[in-house]
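Thanks for asking me to look this one over. Here are my notes, as numbered points you can follow with the model open beside you.

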Amino acid sequence: MNTLNHVAIIMDGNGRWAKKNSLPRSAGHYKGVEVLRNITIYANRLGIKALTVYAFSTENWKRSAEEVNYIMSLPKIFFSSYIKELMDNNVKINIIGDRERIPAETMKVINDAIEETSRNTGLVLSFAFNYGSRDEIVRACKKYAQDYKEGKVEDLDEESFKSYLYTNDLPEVDLLIRTAGELRVSNFLLYQIAYSEFVVTDTLWPDFTNETLDYCIEQYQGRKRSFGGRDETKNN
């Protein structure tokens, strides 16, 4: 059976779900928050060590100001509703991404949740918030170059490069799930998913359930992971 430590999810389809149900886009995002709570608790019970979700990309600033402002309010909605339950389930909160552009009020809510859950030892729930993988890689390269210039590091290899990424304290991504049937990675964890298994489901994120996650895990467990080596079960 394949080890499953880290699941990453591109949560897509909130807007389509809202449109399908004749609701404003904000209703789709709100429903998505409820689903995230359910999946986080369930994944923790399954023994998954890390869950990283694509909450807001560096490209999402192109959306309407009304929608962006609402998304920036979602951390407060999420944590005010569920922080006690997250604590009771030993979940630890983390954020990856460029924090500088995130509004101060939103960042304070996130930082408070990070501090409150910092001693928890269960699943690490990482919000990729104002995150773009190309930006992350460029930032990592700049930080390494600065450290090299200052004599803090020597030659760079894959292991040392990982220490400059936002995800340096997280296990390798084993499974990447994308909802709503889209077949692209959208600038998400490009370095980290080099050998991840991909599962795409047509399910819109607000309709994603524990059973949907079970299905994705079953697909993952049914695959032979060779990590670039030869799969002896195939004629290749």
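**Notes on the sheet and its core**

1. Let me begin with one pair of strands: β5 and β6 run parallel and are joined by four bridges. Across this pairing, R178 stands opposite V200 in β6. Please keep in mind throughout that this is a predicted model.

2. On its other pairing, β5 meets β1, again in parallel and again through four bridges. Here I9 has I177 of β5 as its bridge partner. Which way do the side chains of β5 point? L175 and I177 point one way, L176 and R178 the other way, and all of them are buried.

3. Stepping back, these strands belong to an open sheet of six, in the order β3-β4-β2-β1-β5-β6, with parallel pairing. The edges are taken by β3 (92-96) and β6; each has a single partner strand, so one side of each is left without a neighbour in the sheet. From one strand to the next, the twist averages 20 degrees.

4. At the β3 edge, this strand pairs with β4 (residues 124-131) in the parallel sense over five bridges. Within that pairing, I93 stands opposite L125 in β4. Helix α3 packs on the sheet, where it touches β2 (50-57), β3 and β4, and its direction makes about 170 degrees with that of β4. Helix α4 (residues 104-116) lies across β3 and β4, running at about 140 degrees to β3.

5. Now for the interior. In soluble globular proteins, nonpolar side chains tend to be buried together. In this model the largest nonpolar core has 45 residues, and those with the most contacts inside it are I9, F78, F79, L86 and L125. Which element gives the most to this core? That is helix α3 (residues 65-88), with nine residues. A second, separate core has eleven residues, including A8, I10, I96 and I193.

6. I9 is worth a closer look, since we have already met it as a bridge partner of I177. Leaving out residues up to four places away in sequence, I9 touches I39, L51, T52, V53, Y54, I177, F188 and W205.

7. M11 is found in the loop between β1 (6-10) and α1 (14-20). Is M11 buried or exposed? It counts as buried because its relative accessibility is 17%, and the cut-off for buried is under 20%. Setting aside neighbours within four places in sequence, M11 is in contact with L36, V53, Y54, A55, T179 and W205. For a sense of distance, M11 and Y144 are 133 residues apart in sequence, and their C-alpha atoms are 31 Å apart in space.

8. My last stop is S196, in the loop between β5 (175-178) and β6 (197-200). With a relative accessible area of 12%, S196 is buried. What does its side chain reach? The side chain of S196 comes to 2.7 Å from the backbone oxygen of V173. Beyond neighbours within four places in sequence, S196 is in contact with V173, D174 and R225.

Technical notes:
Residues numbered from 1 in each chain as written. Predicted model: local features only at pLDDT ≥ 70, side-chain atom pairs only at ≥ 80, totals over all residues. Heavy atoms only, no water. Core = buried A, V, L, I, M, F, W, Y, C linked by side-chain atoms within 4.5 Å. Buried < 20%, exposed > 50% of the residue type's maximum accessible area, 1.4 Å probe, protein only. Helix = DSSP H or I, 4+ residues; strand = E, 2+ residues; numbered from the N terminus. Contact = heavy atoms within 4.5 Å. Polar contact = N/O pair within 3.5 Å; in protein donor to acceptor, adjacent residues only side chain to side chain. Pairing = 2+ DSSP bridges. Axes fitted to C-alpha atoms, helices over the stretch in contact; angles between N-to-C directions.
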